[in-house]
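Biologist: Got a minute to go through this one with me? I'd like to start with the helix packing, then move on to the pockets.

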Amino acid sequence: MEKSSSMKTLTRILHGFIIVATLVGAVVFLFLTPWVGQELAEENPEFAWAYFPCLIWAWFFALPLFIAVWPCWKLAGSLSTSEGPFTRKNVRFLHLVACLAFADALIYLTGLLILGFMGASQPGLTYIISPIVIFLCLAFGVVMIALSRVLNESVALREENDMTI
């Protein structure tokens, strides 16, 4: 009984974290990014034309992040269910999150290249921030793939153990 209540507490904490992260992401991408873009367009009128392409790129980059909220919510919720976290469904959720991370790296790189060809790239963004963002997306995707494989092995062992009397 003790373990069940601690798992429910952990689920609540994780759900709270997901809610806060989603709200922060929404504020950043829906309010802060357009506001900063407007400020930059006013300060640098020669780049004002790039406001909407950059904003669209930011929103496309945010899309996989917001889609990942659903499988993360389900994964956190599975900790306190009777099935527990060791299910094939959770393996698929981890794999989906990995694919979304890889998609984010691709979206970021594609947007960077398009903006570069349009003449809207900045050296700081191109040479410093972009490799970090792309690396983090790829690293997160690799970690999620590894976790999904480990979880898949755990599920197989659990299923084999459940068949043994």
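Modeller: Sure. This is a predicted model. The axes of helix H4 (residues 88-118) and helix H5 (residues 123-163) come within 8 Å and cross at roughly 165°.

Biologist: Roughly parallel or roughly antiparallel, then, for H4 and H5?

Modeller: H4 is roughly antiparallel to H5, because angles over 145 degrees count as roughly antiparallel.

Biologist: And which hand does the crossing of H4 and H5 have?

Modeller: The H4 and H5 crossing is left-handed.

Biologist: What sort of residues make the contact of H4 with H5?

Modeller: The contact of H4 with H5 has 24 nonpolar residues, seven polar ones and three charged ones.

Biologist: OK, pockets. How much space is in the largest pocket?

Modeller: The largest pocket holds about 850 Å³. It is lined by 25 residues, and Thr33, Leu40, Cys54, Trp57 and Leu125 are the closest to its centre.

Biologist: Which elements give two or more residues to that lining?

Modeller: Helix H1 (2-43), helix H2 (51-67), H4 and H5. H1 gives the most to the lining of the largest pocket, with eight residues.

Biologist: How many charged residues are in the lining of the largest pocket?

Modeller: There are no charged residues in the lining of the largest pocket; 20 are nonpolar and five are polar.

Biologist: What about the second largest pocket, what volume does it have?

Modeller: The second largest pocket has about 540 Å³. Its lining has 19 residues, with Ala21, Leu65, Ala68, Val69 and Phe140 closest to the centre.

Biologist: Which elements supply at least two residues of the lining there?

Modeller: For the second largest pocket they are H1, H2, helix H3 (69-78), H4 and H5. H1 gives the most to this lining, with six residues.

Biologist: And how do the residues of the second largest pocket's lining divide by class?

Modeller: That lining has 16 nonpolar residues, two polar and one charged.

Biologist: Different topic: lysine 89. Which helix does lysine 89 lie in?

Modeller: Lysine 89 is in helix H4.

Biologist: Why call lysine 89 partly exposed?

Modeller: Lysine 89 has a relative accessible area of 40%, and partly exposed covers the range between buried, under 20%, and exposed, over 50%.

Biologist: Last one. How far apart in space are lysine 89 and serine 130?

Modeller: Lysine 89 and serine 130 are 33 Å apart, C-alpha to C-alpha, and 41 residues apart in sequence.

Notes. Residues numbered from 1 in each chain as written. Predicted model: local features only at pLDDT ≥ 70, side-chain atom pairs only at ≥ 80, totals over all residues. Heavy atoms only, no water. Axes fitted to C-alpha atoms, helices over the stretch in contact; angles between N-to-C directions. Helix = DSSP H or I, 4+ residues; strand = E, 2+ residues; numbered from the N terminus. Parallel < 35°, antiparallel > 145°, perpendicular 65-115°, else oblique. Left-handed = near helix turned anticlockwise from the far one by under 90°. Nonpolar A, V, L, I, M, F, W, Y, C, P; charged D, E, K, R; others polar. 1 Å grid on protein atoms, 1.4 Å probe; cavity = no way out; pocket = protein on both sides within 12 Å on 5 of 7 lines; lining within 4 Å. Points joined across faces, edges and corners; volume = space filled by probe spheres on them. Buried < 20%, exposed > 50% of the residue type's maximum accessible area, 1.4 Å probe, protein only.
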